[in-house]
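Student: I should like a close look at a single part of this structure. Please give one connected account of how that part sits among its surroundings.

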Amino acid sequence: MTDPELRAQSFEIAWRYLDQSGLLKGENKDSARFILNRIDRMMLRGERRRLLLSNAAIDAYRLRPVLVSA
């Protein structure tokens, strides 16, 4: 599997889980950027396990600080 395929599959797993669980909040573009950033950083460190990449992105998204507008 190529890196772009691994990246896309990891993102799809994370996105589908977060969407189906109702955890996706705010602007989809910002959420997608956050998830991909997490996956990319792990891949740059050499991680190639698809489920570990997607689960780490899910965990990071769930624990991210959320800005609240008044």
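**Trp15 and its helix**

Tutor: Trp15 has a relative accessible area of 17%, and since the cut-off for buried is under 20%, Trp15 counts as buried. The model discussed here is a predicted one. Trp15 belongs to helix α1. When its neighbours within four places in sequence are left aside, Trp15 is in contact with Leu24, Asn28, Ser31, Ala32 and Ile35. For one of these partners a backbone distance is also available: the C-alpha atoms of Trp15 and Ser31 are separated by 8.9 Å, with their positions 16 residues apart along the chain.

A second residue of the helix may be set beside Trp15. Ser10 is likewise found in helix α1. Ser10 has a relative accessibility of 0% and therefore counts as buried. Apart from neighbours within four places in sequence, Ser10 is in contact with Ile39, Arg50, Leu53 and Ser54. Of these partners, Arg50, Leu53 and Ser54 are among the residues of α3 that meet α1.

This leads to the packing of the two helices. Helix α1 covers residues 3-20 and helix α3 covers residues 50-63; they pack at an angle of about 45°, and their axes are 8 Å apart. The two helices are therefore oblique to each other, and their crossing is right-handed. On the α1 side, the residues that take part are Leu6, Gln9, Ser10, Ile13, Ala14, Tyr17 and Leu18. On the α3 side, they are Arg50, Leu51, Leu53, Ser54, Ala57, Ile58, Tyr61 and Arg62. By class, the residues of this contact comprise ten nonpolar, three polar and two charged.

Tyr61, one of the α3 residues that meet α1, also takes part in an aromatic pair. The count of aromatic pairs comes to two. One of them joins Phe34 and Tyr61 in an edge-to-face arrangement, with 5.9 Å from centre to centre and 75° between the planes. This pair links distant parts of the chain, for Phe34 lies in helix α2 (residues 28-44) and Tyr61 in helix α3, 27 residues apart. The two rings belong to residues of unlike accessibility class: Tyr61, at 2% relative accessibility, counts as buried, whereas Phe34, with a relative accessible area of 30%, is partly exposed.

In summary, Trp15 is a buried residue of helix α1, and α1 itself packs obliquely against α3 in a right-handed crossing.

Terms used
Residues are numbered from 1 along each chain as its sequence is written. This is a predicted model: local features need pLDDT of at least 70, side-chain atom pairs count only at pLDDT 80 or more; totals for chains, interfaces and linings use all residues. Side-chain values use heavy atoms; hydrogens and water are left out. Axes are lines fitted to C-alpha atoms, for helices over the stretch in contact, and angles run from 0 to 180 degrees between N-to-C directions. Helices (H or I, at least four residues) and strands (E, at least two) are DSSP runs, numbered from the N terminus. Angles under 35 degrees count as roughly parallel, over 145 as roughly antiparallel, 65 to 115 as roughly perpendicular and the rest as oblique. A crossing is left-handed if the near helix is turned anticlockwise from the far one by less than a right angle, and right-handed if clockwise. Contact means heavy atoms within 4.5 Å. Ala, Val, Leu, Ile, Met, Phe, Trp, Tyr, Cys and Pro count as nonpolar, Asp, Glu, Lys and Arg as charged, and the others, Gly among them, as polar. Buried means under 20% relative accessible area, exposed over 50%, partly exposed in between (1.4 Å probe, protein chains only). Rings of Phe, Tyr and Trp (its six-membered ring) pair if their centres lie within 6.5 Å; planes under 30 degrees apart count as stacked, over 60 as edge-to-face and the rest as tilted.
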